[in-house]
Amino acid sequence: MMINDERVYFTPGDVVIVRHEQLDNRPVMYVVEKISRSIVNKDGDRESVFMGIRTRWFSEDGKLQEATFSTKDLIHYEK
């Protein structure tokens, strides 16, 4: 499966699902926040490095779940 180079942006509150259709039981999730970390480069300047998108969903037994995904692994959910 090829993933195209079109940029997709996610904002808190977006409803998403994991892109990979071959996975069983893909939950519908909502975006909580963008995760980034600050690092200091060789020149002593701070740079922000994108780490992923934090999502939450409820499991089948009603427990709140949370995970961080790469943007390339998520797509907007359209019912």
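Q: How many bridges join β2 to strand β3?
A: In this predicted model, β2 and strand β3 (residues 46–58) are joined by 10 bridges. The two strands run antiparallel.

Q: Which residue is the bridge partner of Ser-36 in β3?
A: Ser-36 has Phe-50 as its bridge partner in β3.

Q: And what about the hairpin of β2 and β3, how many residues lie between the strands?
A: Five residues lie between the strands of that hairpin. Among them, Gly-44 takes a positive phi near 90 degrees.

Q: Moving on to β1, which residue in β2 stands opposite Val-15?
A: Tyr-30 in β2 stands opposite Val-15. Strand β1 (residues 15–18) and strand β2 (residues 29–40) run antiparallel, joined by two bridges.

Q: In what order do the five strands form the sheet?
A: The order is β4-β3-β2-β1-β5, in an open sheet with antiparallel pairing.

Q: Why is one side of β4 and of β5 left without a neighbour in the sheet?
A: Both β4 (64–69) and β5 (74–76) stand at the edges, and each has a single partner strand, so one side of each has no neighbour in the sheet.

Q: By how many degrees are neighbouring strands of this sheet turned against each other?
A: On average they are turned by 45 degrees against each other, direction ignored.

Terms used. Residues numbered from 1 in each chain as written. Predicted model: local features only at pLDDT ≥ 70, side-chain atom pairs only at ≥ 80, totals over all residues. Heavy atoms only, no water. Pairing = 2+ DSSP bridges. Helix = DSSP H or I, 4+ residues; strand = E, 2+ residues; numbered from the N terminus. Axes fitted to C-alpha atoms, helices over the stretch in contact; angles between N-to-C directions.
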